[in-house]
Amino acid sequence: MKLVYTGKTKDVYALTDGNYLLKFKDDVTGENGVFDPGSNAVGLTMAGAGRAGLKLTKFFMEILREKGIPTHYVDADIEAATMTVKPATVFGKGLEVICRYRAVGSFLRRYGMYAEEGQPLAAFVEVTLKDDVREDPPITKDALDLLGILSADEYEVLKDLTQKIGNIVKGELAKKGIELYDIKFEFGRVGEDKQIVLIDEISGGNMRAYKDGKYIEPLVLEKLMLEE
């Protein structure tokens with residue numbers, strides 16, 4: 001294995017068969033010791049967060065595979081906290097795609113003149129550039145096309161996949177009496193035909209979920225979702 005990238009919450013290794021290995025860490029994003037899935041920095045270390053994130057990611061990735069939703073997922077080793085994935089190229093230097101069901105977080109900070117906290121947003125899709133220096137600025141469909149990051153047609157594929165996957169995750173959480181407020185995805189292109197697929201993870205560290213009106217921490221979310 002060859003280390004090719006060191007990230008905030010996981011490291012990436014190249015495998016000899018052409019696939020990649022993601023090693024999940026116990027670091028999570030946030031500020032001043034408080035978890036925030038939208039933050040640009042590692043805010044705290046939570047023991048067991050890596051395996052918890054991987055368990056939930058494996059759970060959702062395998063559901064998506066059963067439903068025919070394209071992802072880069074191959075398999076996972078929970079004990080080693082690693083996930084094997086197909087090679088994928090990102091859009092530009094990386095995009096984050098958020099599916100929002102209620103107004104919280106950065107959406108509320110930006111649009112609080114018009115939005116009320118917790119108001120329904122009907123699977124609103126928002127795309128931001130992965131750019132720590134500029135604090136991940138939101139970008140429109142037209143600007144993405146204009147700047148050559150992805151085409152208008154690719155944007156529609158991205159939006160459709162985001163809402164489909166978001167609704168699947170939302171439905172699974174609802175089975176446990178949990179409400180999804182928002183979730184962050186990443187996508188890339190795979191193979192010679194450059195198929196757009198979901199990449200990275202689907203875990204508590206990428207979403208805001210609530211039960212009985214109270215926010216659920218990532219480690220608690222994994223236990224609630226995967227307990228028998």
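A pocket here is an open set of grid points, on a 1 Å grid over the protein atoms alone, with protein on both sides within 12 Å along at least five of seven lines. Keep that in mind as we walk through this predicted model, since the largest pocket holds about 1200 Å³ of space.

What sits closest to the centre of that pocket? Of its 49 lining residues, the closest are Tyr-5, Lys-10, Lys-130, Glu-186 and Asp-200. Sorted by class, the lining comes out as 19 nonpolar, 14 polar and 16 charged residues. Several elements chip in with at least two residues each, among them strand 1 (2–6), strand 2 (10–14), strand 12 (179–190) and helix 5 (218–226). Helix 1 (49–66) is on that list too, and with 4 residues it gives the most to the lining.

Strand 4 also supplies at least two residues of the pocket lining, and it takes us to a little sheet. This open sheet has 3 strands in the order 5-4-6, with antiparallel pairing. Strand 5 (34–35) and strand 6 (42–45) are at the edges with a single partner strand each, so each has one side with no neighbour in the sheet. In general, the strands of a sheet pair through backbone hydrogen bonds. Here, strand 4 (residues 27–31) and strand 6 are joined by 3 bridges, and you can find Thr-29 opposite Val-42 in strand 6.

Next, have a look at helix 4 (residues 152–174). Its 23 residues, at 1.5 Å each, should span 33 Å, and the C-alpha atoms at its ends are indeed 33 Å apart, so the two agree. Quite a few of its residues are buried, including Tyr-155, Leu-158, Leu-161, Thr-162, Ile-165 and Val-169. An α-helix has 3.6 residues a turn, so residues three or four places apart point the same way.

Finally, compare two loop residues. Ile-139 lies in the loop between strand 11 (120–129) and helix 3 (141–146). Is it buried or exposed? Its relative accessibility is 13%, and because buried means under 20%, Ile-139 counts as buried. Leaving aside residues up to four places away in sequence, Ile-139 touches Val-127, Thr-128, Leu-129, Leu-144, Leu-147 and Ile-149. Leu-129 is 10 residues away along the chain, with 6.8 Å between its C-alpha atom and that of Ile-139.

Asp-212 is in the loop between strand 14 (207–211) and strand 15 (214–215). With a relative accessible area of 73%, Asp-212 is exposed, because the cut-off for that is over 50%. Asp-212 and Gly-188 are 24 residues apart in sequence, and their C-alpha atoms are 35 Å apart in space.

Notes. Residues numbered from 1 in each chain as written. Predicted model: local features only at pLDDT ≥ 70, side-chain atom pairs only at ≥ 80, totals over all residues. Heavy atoms only, no water. Pairing = 2+ DSSP bridges. Expected span 1.5 Å × (residues − 1). Buried < 20%, exposed > 50% of the residue type's maximum accessible area, 1.4 Å probe, protein only. 1 Å grid on protein atoms, 1.4 Å probe; cavity = no way out; pocket = protein on both sides within 12 Å on 5 of 7 lines; lining within 4 Å. Points joined across faces, edges and corners; volume = space filled by probe spheres on them. Nonpolar A, V, L, I, M, F, W, Y, C, P; charged D, E, K, R; others polar. Contact = heavy atoms within 4.5 Å.
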